[in-house]
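Reader: I would like a close look at a single part of this structure, followed by an account of what surrounds it. Please work through it in one connected answer.

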Amino acid sequence: MERSKGKSLYQTDSISAKLLPWCILEHQGKIVICDRGGGMDRIQQGAVVKGAGAAGMILAAPKPDGYTTLADAHVVPACHVNFVDATKIKSYINSTSSPTATILPCGTLIGLAGELPAPTVASFSSRGMSQQSMGILKPDIIGPGVDVLAGWPALPIGPFDSPSLFNVISGTSMATPHLSGIAALLKGANPSWSAAAIKSAIMTTAENENPAGKPIANEQLESANLFARGAGHVNPSKANNPGFVYDIDPSEYVAYMCGLNYSDTQVSLVARRIVNCSSADRTSGVELNYPSFSAELKPASQKGEPKGEERGDGSSSYAVEIAPPTGVAVVVRRRH
């Protein structure tokens, strides 16, 4: 018997004591394998399977999801498996006339970094680049957002449809409060820092390697590129002592928005004052004093002038490391 690891918030041994028949289609008393997607919510897929009388469900991740799986409060014994394991399971089903399987609850497993290193960029994590402003590298940062224990508004979840004050949730809605909370802590520790300084501190101290010292991977367990990881994975402790920051005055944002051709009304709403872009300064993303920027590969040279400000005792020194792509020359000069 071959085992595949998967995820489910619904942990039950109701079917683990016996091997049940497999079926690609929905049949009474059998385990159904469902491809994730099709415009249907993951838990809703389980509800359909349960309604058809099936005993359990294997939720198969599609190829784009790779190794990204999620723990959901399913309404039927279920297991969300990655694409590699899903492919093996389907091959087994097609190899015999009487395939069988069961779902074994394992609780919360700790220490599996050798199999799936953390952090790993999930398949649903927003990717760059920014179509609106090519000069700003997006995303800015990545943070915890997969299988997060979170507050829940007492809505019914799980197989017994009972209200709960907590749930396990994944998505930007989980990563955002992590980063927001870190920003609040940094503001509390450094009351004089602006929002831009806090953002800079978070970005310039982010991690690009996992605890094993290897590059942060994406959902395919390949090295995540800049458009997947941005500046890297947030490190709150390091962010509190960044050494220096790239600060931005609010007026610089106004010039940047005017440079993006937003209307006077739109810019005024953000700035909370009357702005006339026709008489205001205009800047591009490369010119904004942002912690990271991107340059389009054009025949003409491009110039960025980031200005770092010391946040410490002033005794630090920094070395510049350049790794330009083939055919591109990068020159860094110190500004006095």
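Author: Cys 277 is a good place to begin: with a relative accessible area of 3%, this residue is buried. The model is a predicted one, and the values below are computed from its coordinates.

What is the partner of Cys 277 in a disulfide? The partner is Cys 258, and the two sulfur atoms are 2.1 Å apart. The angle about the S-S bond is -75 degrees, which makes the link of Cys 258 and Cys 277 left-handed. Cys 258 belongs to helix α7, residues 250–259, whereas Cys 277 sits in the loop between α8 (264–271) and β12 (308–311), so the bond ties together parts that are 19 residues apart in sequence. Cys 258 has a relative accessibility of 0% and therefore counts as buried, the cut-off being under 20%. The 3% of Cys 277 falls under that cut-off too. A search of the whole structure turns up one disulfide, this one.

Two other cysteines can be set beside the pair. Cys 34 is buried at 12% relative accessibility. Cys 106 is partly exposed, at 48%. Why does Cys 106 form no bond with the closest cysteine sulfur? That sulfur belongs to Cys 79 and lies 8.4 Å away, which is too far, because a disulfide needs sulfur atoms within 2.5 Å.

The helix that carries Cys 258 deserves its own description. Buried residues of α7 are Val 254, Ala 255, Tyr 256, Met 257 and Cys 258. Helix α8 is included in what covers the buried residues of α7. Just after α7, Asn 261 has a positive phi of about 65 degrees. As a rule, residues other than glycine mostly have a negative phi, and peptide bonds are mostly trans.

That rule has further exceptions elsewhere in the chain, several of them in the loop between β6 (100–101) and β7 (148–151). Met 129 lies in that loop, and the peptide bond leading to Met 129 from Gly 128 is cis, with omega near 5 degrees. Pro 139 is in the loop between β6 and β7 as well; the bond from Lys 138 to Pro 139 is cis, with omega near 0 degrees. Asp 147, also in the loop between β6 and β7, is not a glycine but has a positive phi of about 55 degrees. With a relative accessible area of 24%, Asp 147 is partly exposed. Beyond β7, in the loop between β7 and β8 (156–157), comes Ala 154. Its phi is near 55 degrees, again positive in a residue other than glycine, and Ala 154 is partly exposed at 37% relative accessibility.

Two buried residues in the loop between β4 and β5 give a contrast. His 74 lies in the loop between β4 (56–60) and β5 (78–81) and is buried, at 0% relative accessible area. Neighbours within four places in sequence aside, the contacts of His 74 are Ser 8, Tyr 10, Arg 42, Ile 43, Met 57, Leu 59, Gly 158 and Pro 159. Ala 73 is placed in the loop between β4 and β5 as well and counts as buried at 8%. Residues up to four places away not being counted, Ala 73 touches Leu 9, Ile 43, Ile 157, Gly 158 and Asn 167. Ile 43 and Gly 158 are therefore contacts of both His 74 and Ala 73, a contact being heavy atoms within 4.5 Å. Ala 73 and Gly 38 are 35 residues apart in sequence, and their C-alpha atoms are 19 Å apart in space.

The setting for these parts is a protein with eight helices and 12 strands. Its C-alpha atoms fill a box of roughly 75 × 45 × 40 Å along the principal axes. Of the 336 residues, 37% count as buried. Among contacts between residues at least 6 apart in sequence, 66% join residues at least 24 apart. The accessible surface is about 19700 Å², and 55% of that belongs to carbon and sulfur atoms. As for charge, there are 28 positive and 28 negative charges, and their mean positions are 1 Å apart.

Note on methods: Residues numbered from 1 in each chain as written. Predicted model: local features only at pLDDT ≥ 70, side-chain atom pairs only at ≥ 80, totals over all residues. Heavy atoms only, no water. Helix = DSSP H or I, 4+ residues; strand = E, 2+ residues; numbered from the N terminus. Buried < 20%, exposed > 50% of the residue type's maximum accessible area, 1.4 Å probe, protein only. Areas by Shrake-Rupley, 256 points an atom, 1.4 Å probe, with all protein chains shown as cover. Lys, Arg positive; Asp, Glu negative; His and termini not counted. Charge placed at Lys NZ, Arg CZ, Asp CG, Glu CD.
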